Amino acid sequence: MTSDLPVLLAAVSIVSALHISFQARRVGRSRMNHNIMPPIVTGPPDFERTFRAHQNSVEFYSIFLVVLWISGIFCNEVLAALGGIMYIVGREMYFTGYISESKKRLPGFYLILCVLLFLTVTATIGIIQSFLDKYLNIRVL
Amino acid sequence: MTSDLPVLLAAVSIVSALHISFQARRVGRSRMNHNIMPPIVTGPPDFERTFRAHQNSVEFYSIFLVVLWISGIFCNEVLAALGGIMYIVGREMYFTGYISESKKRLPGFYLILCVLLFLTVTATIGIIQSFLDKYLNIRVL
Amino acid sequence: MTSDLPVLLAAVSIVSALHISFQARRVGRSRMNHNIMPPIVTGPPDFERTFRAHQNSVEFYSIFLVVLWISGIFCNEVLAALGGIMYIVGREMYFTGYISESKKRLPGFYLILCVLLFLTVTATIGIIQSFLDKYLNIRVL
């Protein structure tokens, strides 16, 4: 174990994995409350919103991990980790908003989009710098 | 290519990717057996259980990869790889159980949860050690 | 930032993340065109094909990332990155084909399968070489 490992990115990733597991558990509880047994995935709007709120997290989770780690390793680890924390906050806002009313998922969703944009831009800057350095031997900054 | 690469984690990851692809193929075969053409995802309970068994693998796959790699790199690669093998065994039990009867997915599911808990705890221990070493210069063990 | 980072893999990963986000947005637009509000995921075949085309991308995305990165790091980065570009082309063919007609998803799907097979084989070769080197001190090639 070296002290060069990106420990902040790892910490944020573990917290995000726990958060999405916790959402899966809330879907399971909603199943029990409404007596909707697997493999059924339809039911009262209340259950369907909970189910879809978790599904949306799943759909975006790999995208989040890609931009988080590339931003953190190619650009700046602290900034990326802060972005990751904001993403998890946005995911919680999205989930709790969505299960109460479909429209209330939107504030969390806009925060999620801002964070993903920020991580994508910083990741792209890092990739361009690294590409110039590695293949063209040009050092920017 | 250096000999420092986490080859056991890579091997387990490739096997898990093949396993989940194999599950996708079994969903495709179930589609053909029941003559359920895409984009339809509903049908006889038998097909819906097969479809959902694969979906559950997809929902957990990124979580698994996160805790597998962080546990293996920050804590112990051999232990994490063994956990990864147990996870794949649990996934196979879950899938074959689920397609025969909904309740029979549970033994595999409990094994999956145990493995994820083990990987999360070892990953967290590794992160804490690495954090103390990197930022506070404290070496535990 | 060192110049040893796998910048080509990172670049392909960012492009693939943007591509899958763009597909999610096209699902959102299809929702608006057909006035299908979340959490509903059923509707005219046109919408359901768009929805499932994106879902299929999500189902395979983690598998793609696993074989892309392991192939690129354990075998050859340039070959893996080229494979990654072909995968994104296949995903676009799959998506645009699927939304016009279910059967038209197949050419893209076959390209996707070829790329995944190529990345899996090269990843496996790299893992075997790395394993022999690390644990048995045998150098092939």
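Reader: What makes the charged end of R105(C) count as sitting over the ring of Y98(C)?

Author: Happy to explain! The charged end of R105(C) is 5.5 Å from the centre of the Y98(C) ring. A charge sits over a ring if NZ of Lys or CZ of Arg is within 6 Å of the ring centre and within 35 degrees of the ring normal, so R105(C) earns the description. In chain A, the charged end of R91(A) sits over the ring of Y94(A), 5.1 Å from its centre.

This is a predicted model, where local features need pLDDT of at least 70, side-chain atom pairs count only at pLDDT 80 or more, and totals for chains, interfaces and linings use all residues. Side-chain values use heavy atoms, without hydrogens and water, while residues are numbered from 1 along each chain as its sequence is written and chains are lettered from A in the order in which they are written.

Reader: Why are F60(B) and F109(B) called an edge-to-face pair?

Author: Their rings are 6.1 Å apart, centre to centre, with 85° between the planes. Rings of Phe, Tyr and Trp (its six-membered ring) pair if their centres lie within 6.5 Å; planes under 30 degrees apart count as stacked, over 60 as edge-to-face and the rest as tilted. Therefore this pair is edge-to-face.

Reader: How do you know that F60(B) is buried?

Author: Its relative accessible area is 7%. Buried means under 20%, exposed over 50%, and partly exposed in between (1.4 Å probe, protein chains only), so F60(B) is buried.
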